[in-house]
Amino acid sequence: MCSALFTLAKWFEMYAKAFFAIGFLLLISPLWDNLGFVKKIYVESLGCAKNQVDSELLITYALENGYERVEDAENADVIVVNTCGFIESAKEESINTFFSLGEVNPNAKIILAGCLAQRYGNEIELDEADAIFGNHDLSQFPALLKSLEE
């Protein structure tokens, strides 16, 4: 009988510690995020269905490298504007979106990506862009993110 009570007490102690640890982690997780340990990324995809697929790949690369996807640019550390550059109206929309999102969150790093960046990357003088990233080799995106962190 005594050993059963002792075992029950030990079981209760072990689970109480576990619940305390889980509760503590839940309590500090918002603080942890706000301290900047979790980088947040927002991707705006413009243009065709291929751009949407490319955007999903960029997001996947970011998630695999410790980023969290956010649904609004205001909460992002990095903003990616995945552009279209084939017709004049798409180019205008891409540039306007780039500047609008930069105004929404001026503290975020902002990347001009996609077709516009690929086709005109060497010609674009855009000091507001922290990076210009074409769509030729999306597997280089993690290296770009790493360079923006430094």
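**Buried cysteines, paired strands and a helix face**

Student: What makes cysteine 115 count as buried?

Tutor: The relative accessibility of cysteine 115 is 8%. Buried means a relative accessible area under 20%, exposed one over 50%, and partly exposed a value in between (1.4 Å probe, protein chains only); cysteine 115 therefore counts as buried. The model is predicted, so local features need pLDDT of at least 70 and side-chain atom pairs count only at pLDDT 80 or more, whereas totals for chains, interfaces and linings use all residues. Residues are numbered from 1 along each chain as its sequence is written, and side-chain values use heavy atoms, with hydrogens and water left out.

Student: Why is cysteine 115 not bonded to cysteine 84?

Tutor: A disulfide is a pair of cysteine sulfur atoms within 2.5 Å. The closest cysteine sulfur to that of cysteine 115 belongs to cysteine 84 and is 5.6 Å away, which is too far for a bond. By this rule the count is 0 disulfides. Cysteine 84 is likewise buried, because its relative accessibility is 12%.

Student: How do you know that strand S1 pairs with strands S2 and S3?

Tutor: Strands (E, at least two residues) and helices (H or I, at least four) are DSSP runs, numbered from the N terminus, and two strands pair if DSSP finds at least two bridges between them. S1 (residues 39-45) and S2 (residues 67-69) have 3 bridges and pair in the parallel sense, with isoleucine 41 opposite arginine 69. S1 and S3 (residues 78-83) are parallel and joined by 5 bridges; there, serine 45 stands opposite asparagine 82.

Student: How do you know that the span of helix H3 agrees with expectation?

Tutor: The expected span is 1.5 Å times one less than the number of residues. For the 17 residues of H3 (residues 88-104) this should give 24 Å, and the end C-alpha atoms are 24 Å apart, so the values agree.

Student: Why are the buried residues of H3 said to line one face?

Tutor: These residues are Ala90, Lys91, Ser94, Thr97, Phe98 and Leu101. Seen down the axis of H3, they fall within an arc of 130° (taken from the directions from the helix axis to the C-beta atoms), and so they line one face. Glu88 and Glu103, on the other side of H3, are exposed. The buried residues pack against S1, S3, strand S4 (109-114) and helix H4 (115-120), where contact means heavy atoms within 4.5 Å.

Student: Why is asparagine 135 called buried?

Tutor: Its relative accessible area is 17%, so asparagine 135 is buried. Asparagine 135 lies in the loop between strand S5 (131-133) and helix H5 (141-149). Among the residues touched by asparagine 135 are Lys50 and Cys115, not counting residues up to four places away in sequence.
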